[in-house]
Amino acid sequence: MRKRHEMLGRAAWTAMTLGIVALGQLVLLPGTDIATASEELKSVPFLQLVAGTTGSQLQNATILSLGMRPYMTGMIVWQAIQMLFDEQIQRWTLRQAGIAKRLITLLFAFIQGFEMVYVMRSAIKPIYFSGFSINFGLVLVWIILVGGAMFTTWLGDVNMQKGLGSSVALIIPSLVFSLPNVLATGFYRRPHPISQQEYVIAGVFVLVFIVVMTIINEAELHIPIERPLLENDLAKSYLPIRLLVAGSMPFMFSSSMFSLPTYFINQTVGPTNEFQRQIVKWFSYNTPQGIFSYAMVMVFLGYAFGYMNMQPSKIAKNLKESGDYIINQVPGDMTNRFLLRHFSLMSIWGNSILVIIAVTPLIIGLKYPFVANYSVVLGQVFILVTIMDTVSAQMRALWYKNRYRVI
């Protein structure tokens with residue numbers, strides 16, 4: 001009975017935090033012309049695509065519009081810092097590491113808040129004080145957005161401690177609510193509303209995709225591990241390497257990275273020279289060259305995030321320090337090379353699957369443009385699949401937590 005109450009309690013905490021986030025994304029920013037702000041935010045497709053996959057909500061200007069985007073971006077940077085300075089960071093206390101994470105999140109909250117304020121600056125009512133030439137209306141909205149982002153981060157910590165699905169679960173409302181809009185205005189804005197029949201077809205296709213990706217997401221390679229210091233004759237130990245070792249992270253950040261070169265082009269005037277025209281050709285979703293570039297971005301992110309998730313060198317080091325080993329592999333460098341080889345093999349297969357999901361709709365979209373929007377839809381659905389996989393794993397752990405008794 002206790003385990004059931006614990007599971008229900010955690011589910012209630014998650015439902016409450018998700019509800020708070022959903023309500024917060026309905027509270028409009030003060031001092032802002034919401035209609036004008038919405039039009040200006042919608043005029044930047046890059047922001048809309050990034051928002052849908054990182055828990056932001058940019059359909060309207062609200063106090064929690066930034067969502068989990070600063071936190072998720074900050075955690076990627078933190079993982080990279082940990083990999084580069086592992087020995088130094090291991091000497092830090094939990095408090096020091098926590099402060100460092102919050103400072104990184106705060107930095108990205110300021111950057112991304114400024115980005116949003118700049119885009120919708122004409123919709124923010126100006127406020128001037130005597131003796132100052134600064135528009136404090138922009139500053140006020142900026143501070144509110146940053147505060148909302150840090151509040152959402154705190155809710156993520158609460159859900160990690162008391163709820164289900166860790167902090168990433170807080171992007172669920174944004175993902176779910178944005179799916180219909182993404183289908184209509186993902187890479188291509190449809191000239192006419194989507195019919196009910198099209199929604200039914202899309203729903204069936206998405207359900208089949210969820211089933212297939214749930215199976216693929218569970219696929220693992222098991223490498224047997226010998227543990228001389230652990231007596232266990234009932235089960236063999238193994239090291240699991242997932243087929244999709246990068247998870248859904250490439251889909252969360254592929255649009256951001258792919259769109260970076262377009263910042264060299266004035267979005268109002270368009271390309272004005274041959275260099276800028278080449279940028280448009282190689283970094284657009286509606287050209288063969290651009291689709292190839294997008295595939296390469298997915299491969300790069302798949303390998304990078306996969307390496308950060310697995311960290312073969314760290315696993316090899318931990319195995320050596322604990323006295324465990326892989327059969328026929330000398331602990332240390334040989335084990336590291338062995339793990340890196342298997343990681344590379346799994347990454348090739350896993351990245352191929354991610355590229356097929358991301359690029360196939362874009363290729364079809366060269367002839368039928370609206371199909372390209374499914375690239376975004378499938379990416380967001382796969383993110384939901386990975387989140388729900390984390391939730392289900394945690395629920396199974398809670399269910400079996402107190403099942404066994406000492407004989």
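Q: What makes α12 and α14 count as being in contact?
A: In this predicted model, contact means heavy atoms within 4.5 Å. On the α12 side, the residues that meet α14 include I291, Y294, M298, Y303 and Y307. Among their α14 partners are L339, F343, N351, L354 and L362. By class, this contact has 17 nonpolar, five polar and no charged residues.

Q: How do you know how α12 and α14 are set against each other?
A: Helix α12 (residues 288-310) and helix α14 (residues 333-365) pack at an angle of about 145°. Their axes lie 9 Å apart. The crossing of α12 past α14 is right-handed.

Q: Why is the second largest cavity called a cavity?
A: A 1.4 Å probe fits in a cavity but cannot get out, so the space counts as closed. About 30 Å³ of space lies in the second largest cavity. The count comes to two cavities of 30 Å³ or more. Its lining holds L243, L244, V245, A246, G247, G350, N351 and L354.

Q: What makes three residues of that cavity lining polar?
A: Gly counts as polar, so G247 and G350 belong to that class. N351 is neither on the nonpolar list nor on the charged one, so N351 is polar too. The lining divides into five nonpolar, three polar and no charged residues.

Q: Why is the second largest pocket called a pocket and not a cavity?
A: A pocket is an open set, whereas a probe in a cavity cannot get out. The second largest pocket has a volume of about 790 Å³. Closest to its centre, of 29 lining residues, are Q79, V168, M249, N309 and T390. Helix α4 gives the largest share of the lining, five residues.

Methods:
Residues numbered from 1 in each chain as written. Predicted model: local features only at pLDDT ≥ 70, side-chain atom pairs only at ≥ 80, totals over all residues. Heavy atoms only, no water. Axes fitted to C-alpha atoms, helices over the stretch in contact; angles between N-to-C directions. Helix = DSSP H or I, 4+ residues; strand = E, 2+ residues; numbered from the N terminus. Left-handed = near helix turned anticlockwise from the far one by under 90°. 1 Å grid on protein atoms, 1.4 Å probe; cavity = no way out; pocket = protein on both sides within 12 Å on 5 of 7 lines; lining within 4 Å. Points joined across faces, edges and corners; volume = space filled by probe spheres on them.
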